[in-house]
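Thanks for coming, everyone. I'll walk you through one structure today, stop by stop. Please have a look at it first.

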Amino acid sequence: MTPQKFTAHSKDVGGIPVARLLPQAGRRTIGAWCFLDHIGPARFEAGSPGLQVGSHPHTNLQTFTWMLEGELLHRDSLGFRQVIRPGQVNLMSAGTGDAHGIAHTEQTPDGVHNLHAVQLWIALPMNQSITPGFVHYPELPTWQDENANGVRYVLTTGHFQGRTAPTTQHSPLLGVDVQCQAEASLPISCQSGWEYGVLVIAGQVRIGGETFGADELAFIAAGETQFAIEAEAGSHFLLLGGEPLPHPTVMWWNFVADNREALARAVDEWNNHSPRFGKEIDLTDTPLRRLQAPEVPQSLK
């Protein structure tokens with residue numbers, strides 16, 4: 001087994017440089033995971049606004065924010081307002097179909113001078129009727145591996161080593177945050193038909209004879225029964241997995257659909273203030289603005 005290696009592209013999100021691992025030309029999804037940004041670690045000077053992402057929409061996806069350092073304030077068009085802190089997950093669903101969508105903002109609160117997080121999107125199965133929603137998860141299963149000295153796990157979603165995360169799923173997924181104080185070898189048993197990914201946040205790991213460093217992603221295609229992660233001391237990574245959706249996942253800007261025409265409708269409706277995306281977020285007490293959606297290119301498939 002030889003995993004594929006993907007190196008992050010640098011992007012700017014709300015004034016903060018981020019390392020984007022998904023989507024890329026050679027790999028759009030891992031199961032239903034369709035977007036993967038490693039944000040930071042960033043430090044802000046006094047007076048810096050930090051991260052400021054204006055009101056923007058989503059369709060046919062969930063945003064999954066895993067916080068490592070600092071704080072973020074989330075506000076959305078359903079009326080939810082929630083600060084997320086380290087070790088917590090914010091899970092926001094746009095719902096499925098042409099009738100559903102959601103909008104939100106993300107900001108660094110006043111007085112917060114650091115930020116480190118991983119933001120993922122989950123493409124929703126469009127053969128299910130899912131309504132918009134938001135849930136904050138302040139506590140997740142966390143444990144030390146008794147058989148591997150100094151390995152700490154946090155299960156952000158799914159089932160792993162006999163434990164189950166509380167985060168809601170609409171298709172089979174796995175998300176595990178792993179930190180290794182000492183050198184460790186971690187055997188991973190694969191679910192039949194699943195794809196897997198390992199995002200290295202810090203340090204180095206070896207998988208299938210290939211070495212992966214910070215902001216590199218290992219992709220393991222469906223069909224494997226197991227693989228091993230050989231981690232050096234001080235390494236930190238995310239193990240992701242999932243079953244591919246039974247339909248295409250097409251992305252443009254902040255939208256997901258299963259065809260280009262649905263993306264074009266979403267762009268038009270957002271730019272024309274359609275009620276599809278819920279109540280307009282009041283930005284009068286913030287430096288934020290409502291973002292405009294760019295037109296879908298004809299070449300998009």
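One definition before we start: two strands count as paired if DSSP finds at least two bridges between them. Keep in mind that this is a predicted model.

Let's use that definition straight away, on strand β23. Strand β20, residues 205-207, pairs with β23 in the antiparallel sense over two bridges. Two bridges are the least that the definition asks for, so β20 and β23 count as paired. One position to look at is arginine 206, whose bridge partner in β23 is glutamate 230.

β23 also pairs with strand β18, residues 184-189. That pairing is antiparallel too, over six bridges. There, proline 187 has alanine 228 of β23 as its bridge partner.

Now turn β23 and look at its faces. In general, side chains of a regular strand alternate between the two faces of the sheet. Strand β23 runs from 226 to 231. Its covered face holds Phe227, Ile229 and Ala231. Its uncovered face holds Gln226, Ala228 and Glu230.

Next stop, an open sheet. In what order do its four strands come? The order is β5-β10-β7-β8, with antiparallel pairing. At the edges sit β5, residues 52-58, and β8, residues 81-84, and each of them pairs on one side only. On average, neighbouring strands here are turned by 20° against each other, direction ignored.

Look inside that sheet. β7, residues 72-76, pairs with β10 over four bridges, in the antiparallel sense. Aspartate 76 stands opposite histidine 104 of β10.

Stay on β10, which covers residues 102-107, and go to glutamine 107. Is glutamine 107 buried or exposed? Its relative accessible area is 9%, and the cut-off for buried is under 20%, so glutamine 107 is buried. Its side chain makes a polar contact of 3.0 Å with the side chain of glutamine 52. Leaving aside residues up to four places away in sequence, glutamine 107 touches several others, among them Leu51, Glu71, Arg75 and Pro287.

Now the empty space. In general, rolling a probe the size of a water molecule over the atoms shows where such space is left. How many cavities of 30 Å³ or more does the structure hold? It holds four. The largest cavity has about 80 Å³ of space. Its lining includes Thr63, His74, Met92, His104 and Phe134. Strands β6, β7, β9 and β10 each give at least two residues to that lining. So you meet histidine 104 again here, because the lining of the largest cavity includes it.

Then there is the largest pocket, with a volume of about 830 Å³. It is lined by 34 residues. Which of them lie nearest its centre? They are Arg20, Phe35, Trp121, Trp253 and Asn254. Several strands each supply at least two lining residues, including β2, β4, β11 and β25. β5 and β10 are on that list as well.

Now some backbone details. In general, most residues other than glycine have a negative phi, and most peptide bonds are trans. Here are some that go the other way.

Leucine 22 and proline 23 are joined by a cis peptide bond, with omega about -5°. Proline 23 sits in the loop between β3 and β4. Glycine 40 and proline 41 are also joined by a cis bond, and omega there is about 5°. Proline 41 is in strand β4.

Now for phi. Asparagine 60 is not a glycine, yet its phi is positive, about 55°. You'll find asparagine 60 in the loop between β5 and β6. It counts as buried, at 3% relative accessibility. Aspartate 215 has a positive phi as well, near 65°. Aspartate 215 lies in the loop between β21 and β22. With a relative accessible area of 23%, aspartate 215 is partly exposed.

Last stop, helix α1, residues 260-271, where we find asparagine 271. Asparagine 271 is buried, with a relative accessible area of 15%. A polar atom of its side chain lies 2.8 Å from the backbone nitrogen of alanine 293. Not counting residues up to four places away in sequence, asparagine 271 touches Arg290, Gln292, Ala293 and Glu295.

That's the tour. Over to you.

Terms used:
Residues are numbered from 1 along each chain as its sequence is written. This is a predicted model: local features need pLDDT of at least 70, side-chain atom pairs count only at pLDDT 80 or more; totals for chains, interfaces and linings use all residues. Side-chain values use heavy atoms; hydrogens and water are left out. Buried means under 20% relative accessible area, exposed over 50%, partly exposed in between (1.4 Å probe, protein chains only). A polar contact is a pair of N or O atoms within 3.5 Å; within protein, one must be able to donate a hydrogen and the other to accept it, and residues adjacent in sequence count only if both atoms are side-chain atoms. Contact means heavy atoms within 4.5 Å. Axes are lines fitted to C-alpha atoms, for helices over the stretch in contact, and angles run from 0 to 180 degrees between N-to-C directions. On a 1 Å grid over the protein atoms alone, a cavity is a set of points where a 1.4 Å probe fits but cannot get out, and a pocket is an open set with protein on both sides within 12 Å along at least five of seven lines; lining residues have an atom within 4 Å of a point. Grid points are joined across faces, edges and corners, and a volume is the space filled by probe spheres set on the points.
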